[in-house]
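Hi,

Here's the structure I promised to pass along. Have a look at it first, and then read on for what turned up when I went through it.

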Amino acid sequence: MVLRKEEHSMLAEFLDDKCKENLVLTTNYYPMIWLVGDGLSTKEQKMAKDGTLFLPFSQFPPKTLRKDCFYHTTPAMIIPHSAQNIDSCENWLGRRVMSAWRVGGIVHALEGWKEHECGLDDNSIINPPRVWEAALRNGFQPLLLPSLET
């Protein structure tokens, strides 16, 4: 669920038809999982139900305002054990975890890609599965969501 029409449109471009049907533009604050961008306001966070999971798709995480809600990190991956002298990149991520933006740049270099992976006009990723598969092939691992059971 997303709160803003422009964010819904942008995210929908990255999804196939099967996944796209699960992306909802909402007019209320009842869903328990929110996909949030940089513009999430304090007022919006206060309207979320207890136990809501805020899942950012932006480069920076939302400010943690509520102890009764869950906040996932920004898009990130665990770096391979073979990587040397890399301990942390952002202060909101754990040790040996790197933002997806940085992983993408490293994978681009490791694969020897010469073309730009992002479109110049709209910043869209041209082939997300290609980048994902290359990241996994190079030893990067997904950063799993924290369990809502604990």
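What share of the 150 residues in the protein chain is buried? Buried residues come to 33% of them. Keep in mind that this is a predicted model.

On the surface side, the chain exposes about 9,900 Å², and 56% of that comes from carbon and sulfur atoms. As for contacts, if you take those with a separation of 6 or more, 33% are between residues 24 or more positions apart.

Now the layout. There are 5 helices and 6 strands in the protein chain, and reading along the sequence gives you α-α-β-α-β-β-β-β-α-α-β.

The sheet

Three of the strands form an open sheet: 3 strands in the order 1-2-3, with parallel pairing. Strand 1 (33-36) and strand 3 (70-71) are at the edges. Each of these has a single partner strand, so one side of each has no neighbour in the sheet. Between strand 1 and strand 2 (residues 53-56), the parallel pairing runs over 4 bridges. If you want a spot to zoom in on there, Leu 35 sits opposite Leu 55 of strand 2.

The helix pair

Next, go to helix 4 (residues 100-111) and helix 5 (residues 128-137). Their axes come within 10 Å and cross at roughly 80°, which means that helix 4 is roughly perpendicular to helix 5. Which residues make the contact? From helix 4 you have Val 103, Val 107 and Glu 111, and helix 5 brings in Val 131, Ala 134, Ala 135 and Arg 137. Sorted by type, the residues of this contact are 5 nonpolar and 2 charged, with no polar ones.

A leucine in a loop

One last residue to click on is Leu 25, which you'll find in the loop between helix 2 (17-20) and strand 1. Is Leu 25 buried, exposed or partly exposed? Its relative accessibility is 38%, so Leu 25 counts as partly exposed, given that buried means under 20% and exposed over 50%. Leu 25 and Met 1 are 24 residues apart along the chain, with 5.7 Å between their C-alpha atoms. Setting aside neighbours within four places in sequence, Leu 25 is in contact with Val 2, Leu 3, Arg 4, Lys 5 and His 8.

That's what I have for now.

Cheers

Notes. Residues numbered from 1 in each chain as written. Predicted model: local features only at pLDDT ≥ 70, side-chain atom pairs only at ≥ 80, totals over all residues. Heavy atoms only, no water. Helix = DSSP H or I, 4+ residues; strand = E, 2+ residues; numbered from the N terminus. Buried < 20%, exposed > 50% of the residue type's maximum accessible area, 1.4 Å probe, protein only. Contact = heavy atoms within 4.5 Å. Areas by Shrake-Rupley, 256 points an atom, 1.4 Å probe, with all protein chains shown as cover. Axes fitted to C-alpha atoms, helices over the stretch in contact; angles between N-to-C directions. Parallel < 35°, antiparallel > 145°, perpendicular 65-115°, else oblique. Nonpolar A, V, L, I, M, F, W, Y, C, P; charged D, E, K, R; others polar. Pairing = 2+ DSSP bridges.
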